[in-house]
Amino acid sequence: MPEWTEERIDSLRFMWSEGLSASEIATRLGGLTRNAVIGKVHRLKLHNRVCVAKEIQAKTPQVKVAKVPKVTKAVSVAKVVVRPAPRAASTAASRPDLPDMMGSVLKPVPLLKTLVDLTKGDCRWPVEGERAETRFCCHAVSQGSPYCEYHRLASKGPGTKSERVAARELRRAA
Ligand SMILES: [Zn+2]
């Protein structure tokens, strides 16, 4: 019976942890029977292979994957939110910009109804879109006008109606 040297015990431990069978280990170490290997395994308390494997893993330095800090993500989201939204092309290409105040009348937020949805008493000031897709202001009209008070004032100036139409046609052609 060959002696169990430190080296041979290390080899046994390694091969056992690798999942080799007792008879395979016996063959590799040489001069041993399968039973001799099993006996040594029991004396070394190696019978739980999982434990040995874990022991070996624990000795191996673990390469930790650096996680991206959550803060970075939050910051990038914040940047997106803070970034001013680009002006919608449709808005830019729509009607002439009107001042937010016409005298003492505040510019209404358009209700954007289409022509078919317009009822009598809705302001017919076109806000955006073309032809059938044209959206109108639709706020209650001012007395004796097809427009709300704000657009009634807007329709009167600056310039004449034909001038405003011409300006609109120029913008459309551009
Ligand atoms: Zn209006």
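**Close-up 1. Lys 107 is partly exposed, with 15 other C-beta atoms within 10 Å.** Keep in mind as you look that this is a predicted model. A residue counts as buried with 20 or more such neighbours and as exposed with 12 or fewer, so Lys 107 falls in between. You will find Lys 107 in the loop that runs between strand S2 (105-106) and strand S3 (113-114). Leaving aside residues up to four places away in sequence, Lys 107 touches Leu 98, Asp 100, Met 101 and Tyr 150. Look for His 151 as well: 44 residues separate Lys 107 and His 151 along the chain, yet their C-alpha atoms are 8.2 Å apart.

**Close-up 2. Trp 16 is a buried residue of helix H1.** Helix H1 covers residues 6-17, and Trp 16 is part of it. Why is Trp 16 called buried? There are 22 other C-beta atoms within 10 Å of its own, and 20 or more are enough for that label, so Trp 16 qualifies. Try finding Val 37 too: Trp 16 and Val 37 are 21 residues apart in sequence, and from C-alpha to C-alpha the distance is 9.7 Å.

**Close-up 3. Helix H2 has buried residues along one face.** In this helix, which spans residues 22-29, Ala 22, Ile 25 and Ala 26 are buried. Imagine looking down the axis of H2: these buried residues fall within an arc of 100 degrees, and therefore they line one face of the helix. What do they pack against? Their partners are H1 and helix H3 (34-43). Finally, follow the chain to Gly 30, just after H2, where phi is positive, at about 80 degrees.

Conventions
Residues numbered from 1 in each chain as written. Predicted model: local features only at pLDDT ≥ 70, side-chain atom pairs only at ≥ 80, totals over all residues. Helix = DSSP H or I, 4+ residues; strand = E, 2+ residues; numbered from the N terminus. Arc of directions from axis to C-beta. Contact = placed C-beta atoms within 7 Å.
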